[in-house]
Amino acid sequence: MARVLLLLPTGTYRAPDFIAAAQQLGVEVVVGSERRQALARSMGDRAVVVPFGNVDAASEAIAALHRRSPLDAVLAVDDPGTLVAATAARRLGLRHNPPEAVAATRDKRAMRRRFAAAGLPQPDHAVLRGGADPAAVASEVGYPCVLKPLTRSGSQGVIRADDADQARAAAARITALLGECDDELLIEAFVPGTEVAVEGLLHAGTLEVLALFDKPDPLDGPYFEETIYVTPSGQPPQVVEAIGATVADAARALGLTEGPVHAEVRITGTGQVVLIEVAARSIGGLCARTLRFGAGISLEELIIRHAIGLGTAGMTREPQPSGVMMLPIGQRGVLEGVDGTEQARAVPGIVGLEISIPPGRPVVPLPEGDRYLGFAFARAASPAEVVAALRQAEACLSVRVR
């Protein structure tokens, strides 16, 4: 039986789906997280504490585990574990991405440098260093612009500015969010156009595009909270081809070679594909539940199959249109409850609804927040019907926050 170490941050949404996929494959799961599991004593070498913030220590902990009970793969399910997974897998001689390539995906400044060196289309940008005037740097990039942290994901801390006052206010707000973590920010030119998400899998440096997601709600700011993803994309065939080629070039420029890739691109009014960012992981949250391959195979199962060398040939995405709505958090406070969930589940086309924050927990909207209220899933005969079902389901919900 193959043994796979899943690096699962304690705050991840994705543990149950990856564990279920491993069980479906008959793979033994070892859980790696930054805190000791409640059942760690009874789990033995099926649980290990992995300090994600210390790559060397984490790699050594995984190597020690491997010496006792050999592993066949090390997989990160979210951003915090990607560099640890790459470093440990290289050390153990397992399938992996080069750690320096993964590090570049975790630092937007390094990513931009690699894209620039490869001549790839991306926004004009500059780094705002501590003590510099945000308005002065933003004016060099041009308005409107987008300020963002170098290392956060999920649109956290991403703010549009249309003038000097907004640039200074956005920089102050992001700096307050980061605390002492970083005193540098990235300022990018705002790229008008539609946004598309790309889900792919790298095989020895060759990108297989698994799905393209359209985002029907405009992402124009001032914050960039994502809502609906729907697949297949309605982009023209030539644009679809250009998206795949551009993301493949981006992965190559970064040096990524193996495993899942999630990318965001913008399509301008002239049809140009502009790279926003590329991550060495699969799609976040519970959004992977929109995808099924072959005979009902999940994205998580596909990723594990690739990692342990079982092969994924012929496992293409099912043709039925599907989508997800990431339910937004409208106001800061403490969640009392969500009414209307049964009505939302009864909407034709809705195949799932999960509220991922329990009552009594604090809720924080973007740009400071880093979680969604929950996820609604739909399948229908057309992408338009998927989107309509998701909007109708959201309209059924009433969120109570105090």
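Contact means heavy atoms within 4.5 Å. Keep that in mind for the exercises below.

The model is predicted: local features need pLDDT of at least 70, side-chain atom pairs count only at pLDDT 80 or more, and totals for chains, interfaces and linings use all residues. Residues are numbered from 1 along each chain as its sequence is written, and side-chain values use heavy atoms, leaving out hydrogens and water.

**Exercise 1.** Find what share of the contacts with a separation of 6 or more joins residues 24 or more positions apart.

*Solution.* Step one: take the contacts in the protein chain with a separation of 6 or more. Step two: residues 24 or more positions apart account for 68% of them.

**Exercise 2.** Work out how much of the protein chain is buried (under 20% relative accessible area, with a 1.4 Å probe and protein chains only), and look into its nonpolar cores.

*Solution.* Start with the whole chain: 54% of its 402 residues count as buried. Next, recall that a nonpolar core is a set of buried Ala, Val, Leu, Ile, Met, Phe, Trp, Tyr and Cys residues joined through side-chain atoms within 4.5 Å. The largest one has 40 residues, and Phe293, Leu299, Ile304 and Phe375 have the most contacts inside it. A second, separate core has 28 residues, including Met111 and Ile243.

**Exercise 3.** Describe the surroundings of Lys108.

*Solution.* First, list its partners: among the residues Lys108 touches are Lys148, Pro149, Leu186 and Glu277. Then check its side chain, which reaches the backbone oxygen of Arg152 at 2.4 Å.

How values were computed: A polar contact is a pair of N or O atoms within 3.5 Å; within protein, one must be able to donate a hydrogen and the other to accept it, and residues adjacent in sequence count only if both atoms are side-chain atoms. Buried means under 20% relative accessible area, exposed over 50%, partly exposed in between (1.4 Å probe, protein chains only). Lists of a residue's contacts leave out its neighbours within four places in sequence.
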